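Open the model in a viewer and keep the sequence panel beside it. The stops below each begin with a selection.

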Amino acid sequence: MTQIKQLVLIAEDEESICSFISAILEANNFKVIKTAKGGEVVALTASHCPDLILLDLGLPDMDGVEVLKAIRAWTDTPVIVVSARVHEREKVEALDLGADDYITKPFGTGELLARIRTAMRHGRGNANETRGTMDTFAVGDLSIDYEKRRVFVAGKEVRLTPIEYKILVLLSTHVGKVLTHDFIIKKIWGPYTNEIQSLRVNMANIRRKLRVNPAEPNYIVTEVGVGYRMLEEPETDDV
Ligand code: CA
């Protein structure tokens, strides 16, 4: 039986990184097409219909953010932004413009593949759709009953405030994906405020409440300068 391979478009001008990524992907049963030019990304996406785009933000001919805007003008193909540490600001901007995730150079094989799989899964059914058909969420010892609006860790009920609950639901319906501060704030408090401080306080409370016992794994990680991500596989501290 031959499985139909999924196609990844790599837009990256650094030769060594490009061949590193394509070697990993080909070894893991993906097909790849490559370009070093931002100006070719849209045309290649239209002609090859990739299942995912890996977009380097620092391409020589065109601003990565502009490339992303051009892609998002007509397609929902998952995009993972590949950025160097110097492009911290663009990274957040890219996420807010509809990139599905980001990965910072240098990155390892496991991290790259995990990000790709998550983004492809989200690409197939959007989070709202998934939520509509699911009435519970479970990862590790954490479970959320969306129907009854109740949260449990290892069978024990967790008491959250309405805002804390809303934030947790938002993260859980995008599990595996990083949500930017702006995205969360707009979804919870609306577009006209900047509740970054409230977000931080609420998030700290949520994490404390989910982790009554320090042996409990960590369900939510902070992406410094970017936002928060709920993990598909919770981490314990000693990792
Ligand atoms: Ca580059």
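Start by selecting K186, which is partly exposed, with a relative accessible area of 46%. This is a predicted model, so what follows describes a prediction. Add D182 to the selection: its side chain forms a salt bridge with K186, and the closest N and O atoms are 3.5 Å apart. Both residues belong to helix α8 (residues 181–189), where they sit four residues apart, about one turn of the helix. D182 is partly exposed as well, with a relative accessible area of 37%.

Next, select D101, E111, R115, E223 and R229 together; salt bridges that share partners join them into one network. Over the whole structure, a search finds 14 salt bridges.

**The calcium ion**

Select the calcium ion and show the protein atoms around it. Which residues supply its protein donors? They are D13 (OD), D56 (OD) and G58 (O), at 2.2 to 2.5 Å from the ion. Along the sequence, the donor residues follow the spacing D-x42-D-x1-G.

Is D56 buried or exposed? With a relative accessibility of 2%, D56 counts as buried, because the cut-off for buried is under 20%. G58, at 28% relative accessibility, counts as partly exposed.

**From the donor D56 to K105**

Keep D56 selected and add K105. The two form a salt bridge, with 3.5 Å between the closest N and O atoms. This pair links distant parts of the chain: K105 is in the loop between β5 and α5, D56 is in strand β3 (residues 52–56), and they are 49 residues apart. K105 counts as buried, at 13% relative accessibility.

Now add E14. Its side chain meets that of K105 in a salt bridge too (3.1 Å, N to O). E14 lies in the loop between β1 (6–11) and α1, and K105 in the loop between β5 and α5, so this pair ties together parts that are 91 residues apart in sequence. E14 is partly exposed, with a relative accessible area of 38%.

Stay at K105 and turn to the backbone. A cis peptide bond joins K105 and P106, with omega at about -5°. P106 is placed in the loop between β5 and α5.

**Two residues with positive phi**

Select N29. Although N29 is not a glycine, it has a positive phi of about 75°. Its place is the loop between α1 (15–27) and β2 (30–35). The relative accessible area of N29 is 41%, which means partly exposed.

Then select R149. R149 is not a glycine either, yet its phi is positive, at about 55°. The loop that holds R149 runs between β7 (142–145) and β8 (150–153). Is R149 buried or exposed? R149 is exposed, with a relative accessible area of 54%.

**The two domains**

Colour residues 6–124 and 128–235 separately: these are domain 1 and domain 2. The contact between them takes twelve residues from domain 1 and 15 residues from domain 2. Their centres, taken over C-alpha atoms, are separated by 27 Å.

How much area is buried between domain 1 and domain 2? The figure is about 990 Å², with carbon and sulfur atoms giving 45% of it. Select D96, Y102 and H122 in domain 1; these residues lose the most area to domain 2, together 37% of what that side buries.

For the polar side of the contact, the count between domain 1 and domain 2 is two salt bridges. There are also five residue pairs in polar contact between the domains. On the side of domain 1 that touches domain 2, α4 (88–96), β5 (101–104) and α5 (109–124) each supply at least two residues. The largest share of that side, five residues, comes from α4.

For the last stop, select R121 and E232. Their side chains meet in a salt bridge (2.2 Å, N to O). As a closing view, show the calcium ion with its protein donors D13, D56 and G58 again, and add K105, the salt-bridge partner of D56.

Notes
Residues numbered from 1 in each chain as written. Predicted model: local features only at pLDDT ≥ 70, side-chain atom pairs only at ≥ 80, totals over all residues. Heavy atoms only, no water. Donors = N, O, S within 2.8 Å, 3.2 Å for Na, K, Ca; no water. Buried < 20%, exposed > 50% of the residue type's maximum accessible area, 1.4 Å probe, protein only. Domains from an automatic or database assignment. Contact = heavy atoms within 4.5 Å. Buried area = accessible area lost by both parts, 1.4 Å probe. Salt bridge = Lys/Arg side-chain N within 4 Å of Asp/Glu carboxyl O. Polar contact = N/O pair within 3.5 Å; in protein donor to acceptor, adjacent residues only side chain to side chain.
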